[in-house]
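This briefing walks through selected features of one chain, grouped by topic. Please keep the sequence and the coordinates at hand while reading.

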Amino acid sequence: MPAFTAITPDGLIDLVADRAARLPGYAVIAVDGADAAEPVSFARTVAERLRNGGRAAEVVSLHDFVRPASLRLEYDRESEFSYRTAWFDYEALTREVLTPLHRDGRWLPALWDERADRSARARIRTATAGTVLLVAGPMLLARGLAFDLTVSLRMSDAALRRRTAPEDRFTVTALSEHGSGGDEPDILVAWDHPDRPAVRAG
């Protein structure tokens with residue numbers, strides 16, 4: 001078991017923002033976390049801290065890169081296997097966000113409108129020099145994605161079950177198993193109690 005050091009929520013934001021600010025050029029940071037961990041909210045707070053420090057920063061939600069419902073729900077509306085393997089379009093994330101940002105300083109902020117189940121009709125955006133893009137959502141690690149820094153808001157199985165809406169609890173097994181995989185993040189955060197986080201030491 002790794003050792004963890006307690007940190008304040010504000011101190012954690014400072015830690016991530018400081019690591020991000022030291023990255024050269026265009027940079028992409030993964031904020032990996034189950035929906036129950038609210039990774040998008042966390043990423044937005046980090047982005048705000050970066051902007052206050054003079055570094056351009058934007059946030060992309062993985063939920064804006066889901067596959068169409070016809071693919072996500074093809075076999076079973078509550079399949080943890082489908083959630084793990086077919087829910088999010090990680091290939092599109094690479095094609096539309098990671099590669100073009102690193103190569104050309106451009107990215108697509110959203111591909112698919114999950115609620116309306118149609119194209120998001122978003123326009124490609126041009127990044128300000130040195131932009132840090134935070135990509136936030138579930139199961140981003142161990143996908144071979146070209147992130148420059150990875151942060152994981154990791155929750156125990158019990159915390160996931162406690163904080164996940166009943167209709168979404170079918171996702172917990174997939175989230176727990178993915179979180180126990182071998183691809184360790186640069187910054188691992190124990191996130192069962194977001195008001196009292198802890199960071200892996202070392």
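E38 is found in the loop between β2 and α2, and in this predicted model E38 has a positive phi of about 55 degrees although it is not a glycine. A second residue, M139, likewise has a positive phi of about 55 degrees without being a glycine. The points below begin with these two loop residues and then turn to the strands, the helix α1, the nonpolar core and two partly exposed residues.

**Loop residues with positive phi**

- The relative accessibility of E38 is 47%, and because the partly exposed class lies between 20% and 50%, E38 counts as partly exposed.
- M139 sits in the loop between β8 and β9, and with a relative accessibility of 2% M139 counts as buried.

**The sheet and its pairing**

- Seven strands form an open sheet with mixed pairing, and their order is β1-β11-β10-β9-β2-β8-β3.
- The edges of this sheet are occupied by β1 (4-6) and β3 (57-61), each of which has a single partner strand, so one side of each is left without a neighbour in the sheet.
- On average, and with direction ignored, neighbouring strands of this sheet are turned by 25 degrees against each other.
- Strand β9 (residues 149-154) runs parallel to strand β10 (residues 187-190), the two being joined by 4 bridges, and within this pairing S152 of the one strand stands opposite L188 in β10.
- On its other pairing, β10 is joined to strand β11 (residues 198-200) by 2 bridges, and these two strands run antiparallel.
- In the pairing with β11, V189 stands opposite V199, while the bridge partner of A190 is A198.

**Strand β2**

- Which strands pair with β2 in the parallel sense? β2 is joined to β8 by 6 bridges in a parallel arrangement, and β2 also pairs with β9 in the parallel sense, over 4 bridges.
- Towards β8, V31 stands opposite A136, whereas towards β9 the residue A30 stands opposite T150.
- Of the 6 residues of β2, 6 are buried, so this strand is largely enclosed by the rest of the structure.
- In a regular strand, side chains alternate between the two faces of the sheet.
- In β2, A27, I29 and V31 point one way, V28, A30 and D32 point the other way, and all of them are buried.

**Helix α1**

- Helix α1 (residues 9-21) has 13 residues, which at 1.5 Å a residue should span 18 Å, the count of steps being one less than the number of residues; the end C-alpha atoms of α1 are 18 Å apart, which agrees with that expectation.
- The residues L12, I13, V16, A17 and A20 of α1 are buried.
- Viewed down the axis of α1, its buried residues fall within an arc of 125 degrees, so they line one face of the helix.
- The elements that cover the buried residues of α1 include β2 (27-32), α2 (39-52), β8 (132-137), β9, β10 and β11.

**The largest nonpolar core**

- The largest nonpolar core holds 62 residues, and I29, F42, L134 and L140 are those that touch the most other members.
- Leaving aside neighbours within four places in sequence, L134 is in contact with I29, V31, A43, V46, A47, L50, A57, E58, V59 and V60.

**Two partly exposed residues**

- D117 is found in the loop between β5 (112-113) and β6 (118-119), and with a relative accessible area of 31% D117 is partly exposed.
- What does D117 contact once its neighbours within four places in sequence are left aside? The residues in contact with D117 are P68, A69, R72 and W112.
- The C-alpha atoms of D117 and S70 are separated by 9.2 Å, although these two residues lie 47 residues apart along the chain.
- R154 lies in strand β9, and its relative accessible area of 22% makes R154 partly exposed.
- R154 and G25 are 129 residues apart along the chain, and their C-alpha atoms are separated by 28 Å.

Note on methods. Residues numbered from 1 in each chain as written. Predicted model: local features only at pLDDT ≥ 70, side-chain atom pairs only at ≥ 80, totals over all residues. Heavy atoms only, no water. Pairing = 2+ DSSP bridges. Axes fitted to C-alpha atoms, helices over the stretch in contact; angles between N-to-C directions. Buried < 20%, exposed > 50% of the residue type's maximum accessible area, 1.4 Å probe, protein only. Arc of directions from axis to C-beta. Contact = heavy atoms within 4.5 Å. Core = buried A, V, L, I, M, F, W, Y, C linked by side-chain atoms within 4.5 Å.
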